Amino acid sequence: GCAVGLLDRDETALRSTFEALRAASRTVAAATGDVSSASEVAAATASLQGALGRADILVNNAGILRIGPILAMREADWAD
């Protein structure tokens, strides 16, 4: 029953996932961006928050491995 916000740098994959969730009657919003760019993440986050409100659950599935609190990560950690 959660609303879902999507962020992906691959617009085709993003659109496919967006349409699948919408077809399943989910509330969904999407934004394109690259998580290795702080400015793109900030813009995408603002867009998603504008569409859906605050995030209560975050699934970080960016394909990198760093152990620790997400808010303590440095921008350089995302570029590795």
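## Overview of the chain

A residue is called buried when its relative accessible area is under 20%, exposed when it is over 50%, and partly exposed in between (1.4 Å probe, protein chains only). On that scale, buried residues make up 16% of the 80 residues in the chain. This is a predicted model, in which local features need pLDDT of at least 70 and side-chain atom pairs count only at pLDDT 80 or more, while totals for chains, interfaces and linings use all residues. Residues are numbered from 1 along each chain as its sequence is written, and side-chain values use heavy atoms, with hydrogens and water left out.

The C-alpha trace spans about 35 × 25 × 20 Å along its principal axes. About 5900 Å² of the chain is exposed, and carbon and sulfur atoms supply 52% of that area; accessible areas come from the Shrake-Rupley method with a 1.4 Å probe, and for residues only the protein chains shown count as cover. Of the contacts (heavy atoms within 4.5 Å) with a separation of 6 or more, 41% are between residues 24 or more positions apart.

## Helices and strands

Walk along the chain from the N terminus and you meet the elements in the order β-α-β-α-α. That comes to three helices and two strands, taken as DSSP runs numbered from the N terminus, with helices (H or I) of at least four residues and strands (E) of at least two.

Helix α2 has 15 residues and reaches 21 Å from its first C-alpha to its last, close to the 21 Å expected at 1.5 Å a residue. The expected span is 1.5 Å times one less than the number of residues. After α2 comes G53, with a positive phi near 90°.

## Salt bridges

The structure holds four salt bridges, each a side-chain nitrogen of Lys or Arg within 4 Å of a carboxyl oxygen of Asp or Glu. One of them pairs D34 with R9, with 3.8 Å between the closest N and O atoms. This pair links distant parts of the chain, 25 residues apart: D34 sits in the loop between β2 (28-32) and α2, and R9 in the loop between β1 (4-8) and α1 (11-23). D34 counts as partly exposed because its relative accessibility is 22%, whereas R9, at 66%, counts as exposed.

Helix α1 offers a neat little set of its own. R15 and E19 meet in a salt bridge at 3.5 Å, N to O; they are four residues apart in α1, so about one helical turn separates them. R22 also bridges to E19, with the closest N and O atoms 2.9 Å apart, and these two lie three residues apart in α1, about one turn of the helix. Salt bridges that share partners thus join R15, E19 and R22 into one network. An α-helix has 3.6 residues a turn, so residues three or four places apart point the same way. R15 is partly exposed at 49% relative accessibility, as are E19 at 31% and R22 at 46%.

## The loop between α2 and α3

R54 lies in the loop between α2 and α3 and is exposed, with a relative accessible area of 68%. Its side chain joins that of D56 through a polar contact of 2.7 Å. Such a contact is a pair of N or O atoms within 3.5 Å; within protein, one must be able to donate a hydrogen and the other to accept it, and residues adjacent in sequence count only if both atoms are side-chain atoms.

L58 is placed in the loop between α2 (38-52) and α3 (75-79), and its 60% relative accessibility makes it exposed. Together with I70 and L71, L58 makes a nonpolar surface patch of about 360 Å². Patches are made of residues with over 30% relative accessible area and no salt bridge, joining like charges within 9 Å and nonpolar side chains (Val, Leu, Ile, Met, Phe, Trp, Tyr) within 5 Å.
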